[in-house]
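Let's take a walk through this protein together, going from helix to helix and then into a few loops. Keep the viewer open as you read.

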Amino acid sequence: MCGIAGYFGLDSDPGLLERMALEQRHRGPDDARILLDAPVGLAHQRLAILDRVGGAQPMTSTAGRYVLAYNGEVYNYRELRTELEALSRTFATESDTEVVLQAFAEWGPAAFDRFNGMFALAIWDRHTKTLTLARDHFGIKPLHLCRVPAGPDEGPDARDAWLFSSEIKPILASGRYEPRPNDRTIYRYLRYRIHDDGAETFFDGIERVLPGEMVTISADGIRRTMFSRLRSDLLDSTARGNGYDAAVVEEFRQRLTKSVALRLRSDVPVGTSLSGGLDSSAITVAIDRLLTDDVAATSAVGTRQRTFSAVFPGYRNDEERYVDAAVGACSHGVRSHKTRPTSAEFLEDVADFVRAQEEPVISTGPYAQYRVMKDASEYVTVMLDGQGADELLAGYVPQLVVHLRALLSSDRRSAVRELIASRDVLAHLAAAKTRTLLPRRNSTPNLLGREFCAAHATESYAVPTGNLRTRLVHDLFVGSLPALLRYEDRNTMRFSVEGRVPFLDPELVRTIFSLSDEAIIKGGWNKRVLRDATDGILPPSISRRRNKIGFTTPQSEWFREQRDFALDVFRSPSFSQRPYFDSAAVLTAFERWLDGAGDLDSMAFWRLINVELWLREFIDGVGALPVPSSVQAA
């Protein structure tokens with residue numbers, strides 16, 4: 001795992017590259033190098049995972065034509081290397097970096113679709129004077145792009161230049177971009193709770209390279225195309241005709257185990273993020289079984305797996321008993337590490353957390369992961385977790401609703417059976433929906449600035465409702481997973497840890513989408529094939545658990561414990577002067593909520609606070625407020 005940065009369209013500027021690289025040194029503390037080859041400059045920060053001696057970057061091909069700066073891991077690099085050696089390609093290192101470079105030299109951009117892994121890369125072609133940027137199929141690794149004016153040294157006829165980087169902070173440190181907020185993104189985040197759903201970021205003029213996208217930049221301009229066929233293939237996929245049986249479950253189990261084994265390839269220690277939910281527990285027991293069945297694959301794990309968890313004793317969302325149950329299901333013994341964040345500690349960390357994330361987050365939930373990675377960094381350099389399973393296997397109630405609607409239009413009898421079987425899950429959704437239909441004096445739009453709302457009155461956000469598959473694809477590539485992957489990337493890399501996500505293996509994903517819908521939802525159970533695959537391996541308290549909590553914090557309780565902090569933010573001059581908020585309405589709504597009379601939840605107030613702290617940190621340049629003297633110990 002690493003950090004990359006660079007430019008196209010500028011004269012050689014080592015100072016610029018060094019400034020950009022310094023801002024993401026945490027992504028790669030093991031080595032730092034740059035390449036100057038006007039009009040291109042490349043910077044690389046290395047976190048050495050594979051072939052720690054070889055694999056330095058930027059890496060130049062044997063003939064000198066291509067130069068690569070690469071962030072990520074391609075897990076099938078050994079298999080690709082064998083294929084390339086059969087084509088007379090030779091190798092000087094044991095790194096996956098050299099395989100990526102040789103693959104591009106052999107196959108060009110078609111190589112990207114062969115990679116099973118996570119990557120964001122830049123390749124400079126010295127012959128054609130073309131810079132190629134690409135990001136993996138799911139967007140697990142970040143890559144940002146920004147057009148900037150050419151400087152006076154580039155001459156009067158110079159075109160605009162381009163900056164790119166893994167994180168956003170290097171672009172801010174370049175001296176060639178003036179930070180400014182993207183009001184449209186802010187509105188959609190505050191109004192619809194959506195973000196990271198497209199190329200736009202919270203910074204006006206800075207964009208993301210999208211999952212599966214390739215960007216080519218040359219003297220002729222810029223071109224953006226999709227190299228990945230995965231998303232379109234999933235939308236076009238049809239279920240096999242052999243139904244759902246024990247063979248399907250076994251195939252899924254083998255595919256998942258293979259994916260986990262691939263992601264254990266490492267020359268540094270590997271651990272597991274364990275929340276206590278089904279997905280991370282499935283990864284944990286898969287590794288435990290590999291310790292018996294494939295010792296070679298688990299060399300980086302050691303003889304005993306290390307798991308890392310955030311627990312919240314005394315709070316409603318504490319999942320420590322499930323963490324312990326998953327650990328107890330492992331036969332090889334587990335070193336179980338637990339961190340116990342408090343609301344006071346959150347406020348001590350909030351400025352660093354906001355800066356690490358670079359853009360607002362949907363709740364304080366990602367802070368739990370932040371703390372887990374901080375703890376894990378003392379023991380391991382690589383962490384596996386269960387990210388992506390909810391989007392693949394309908395882990396969210398709205399996905400169930402889409403499935404039921406589709407059934408109602410095609411098979412009413414089956415739909416009625418599913419409705420009855422799902423009545424406990426749907427009851428919670430119905431209660432929440434009922435609350436939203438009641439008159440709401442303090443709904444989110446009423447807390448926003450009037451002119452701000454008027455300027456974005458045409459904005460809307462809709463999700464596919466036609467069938468389960470289209471909704472799952474939407475959540476994988478637009479509505480849910482991109483944000484979660486951003487949280488994970490920033491939380492892991494803040495502490496120089498590489499995060500790996502076995503559920504986001506392209507072959508595993510294709511296998512899941514080849515199954516019938518009843519492999520996903522049946523009899524009121526979502527994630528059916530995963531539950532069946534872990535029956536007898538995980539205890540029923542996990543594999544047959546109904547109440548999903550998610551990897552989060554006790555946010556509502558924390559807000560009440562640290563109410564003075566929130567009030568300090570809402571009463572601050574900067575908050576009241578923003579065009580985004582109606583500060584008087586916000587204060588009234590928050591005080592009503594504290595009294596138990598409000599009709600909003602704590603997530604609405606967190607979004608307001610997060611935008612304010614983000615503006616202070618990145619736009620105003622004053623940093624988030626220090627923790628006030630009124631912080632309560634908890």
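Helices here are DSSP runs of at least four residues, numbered from the N terminus. With that naming in hand, please keep in mind that you are looking at a predicted model.

A good place to start is helix H26, residues 602-620. H26 has 19 residues, and the distance from its first C-alpha to its last is 26 Å, close to the 27 Å expected at 1.5 Å a residue. Is H26 mostly covered, or mostly open? It is mostly covered, with 16 of its 19 residues buried. Just after H26 comes glycine 621, which has a positive phi near 75 degrees.

Let's look at what packs against H26. Two packed helices are described by the angle between their axes and the distance between the axes. For H26 and helix H5 (residues 183-192), the angle is about 155 degrees and the axes are 9 Å apart. Angles over 145 degrees count as roughly antiparallel, and H5 and H26 are therefore roughly antiparallel to each other. Their crossing is right-handed. On the H5 side, the contact is made by Ile186, Tyr189 and Leu190, while H26 brings Trp606, Arg607, Leu608, Asn610, Val611 and Trp614. Sorted by class, the residues of this contact between H5 and H26 are seven nonpolar, one polar and one charged.

A second partner of H26 is helix H23, residues 563-571. The axes of H23 and H26 come within 10 Å and cross at roughly 60 degrees, and that makes H23 oblique to H26. Here the crossing is left-handed. If you would like to highlight this contact, select Phe565, Ala566, Val569 and Phe570 in H23, which meet Phe605, Leu608, Ile609, Glu612, Leu613 and Arg616 in H26. By class, the contact of H23 with H26 has eight nonpolar residues, no polar ones and two charged ones. Leu608 is worth a click, since it appears in the contact with H5 and also in the contact with H23.

Now move to another helix pair. Helix H7 (residues 246-262) and helix H19 (residues 506-513) have axes that come within 9 Å and cross at roughly 165 degrees. That makes H7 roughly antiparallel to H19, and the crossing of the two is left-handed. Glu251, Phe252, Arg255 and Leu256 in H7 meet Glu507, Leu508, Thr511 and Ile512 in H19. The residues of this contact divide into four nonpolar, one polar and three charged.

Next, let's turn to the backbone. Most residues other than glycine have a negative phi, and most peptide bonds are trans. With that in mind, which kind of peptide bond runs from alanine 38 to proline 39? This bond is cis, with omega near 15 degrees. Proline 39 sits in the loop between strand S2 (31-37) and strand S3 (40-46). Another cis peptide bond leads from glutamine 57 to proline 58, with omega near 0 degrees. You will find proline 58 in the loop between S3 and strand S4 (59-60).

Positive phi values turn up in residues other than glycine as well. Glutamate 358 has a positive phi of about 70 degrees, and its place is the loop between helix H10 (343-357) and helix H11 (366-376). Is glutamate 358 buried or exposed? Its relative accessibility is 0%, so glutamate 358 counts as buried. Alanine 394 also has a positive phi, near 60 degrees. This alanine lies in the loop between helix H12 (389-392) and helix H13 (397-410), and because its relative accessibility is 2%, alanine 394 counts as buried.

Our last stop is arginine 546, in the loop between helix H21 (540-543) and helix H22 (555-561). At 29% relative accessibility, arginine 546 counts as partly exposed. Which residues does arginine 546 contact, leaving aside its neighbours within four places in sequence? They are Ala421, Ser422, Asp424, Val425, Gly524 and Trp525. Take aspartate 424 from that list: it is 122 residues from arginine 546 in sequence, but the two are 8.8 Å apart in space, C-alpha to C-alpha.

Technical notes. Residues are numbered from 1 along each chain as its sequence is written. This is a predicted model: local features need pLDDT of at least 70, side-chain atom pairs count only at pLDDT 80 or more; totals for chains, interfaces and linings use all residues. Side-chain values use heavy atoms; hydrogens and water are left out. Axes are lines fitted to C-alpha atoms, for helices over the stretch in contact, and angles run from 0 to 180 degrees between N-to-C directions. Angles under 35 degrees count as roughly parallel, over 145 as roughly antiparallel, 65 to 115 as roughly perpendicular and the rest as oblique. A crossing is left-handed if the near helix is turned anticlockwise from the far one by less than a right angle, and right-handed if clockwise. Contact means heavy atoms within 4.5 Å. Ala, Val, Leu, Ile, Met, Phe, Trp, Tyr, Cys and Pro count as nonpolar, Asp, Glu, Lys and Arg as charged, and the others, Gly among them, as polar. The expected span of a helix is 1.5 Å times one less than its number of residues. Buried means under 20% relative accessible area, exposed over 50%, partly exposed in between (1.4 Å probe, protein chains only).
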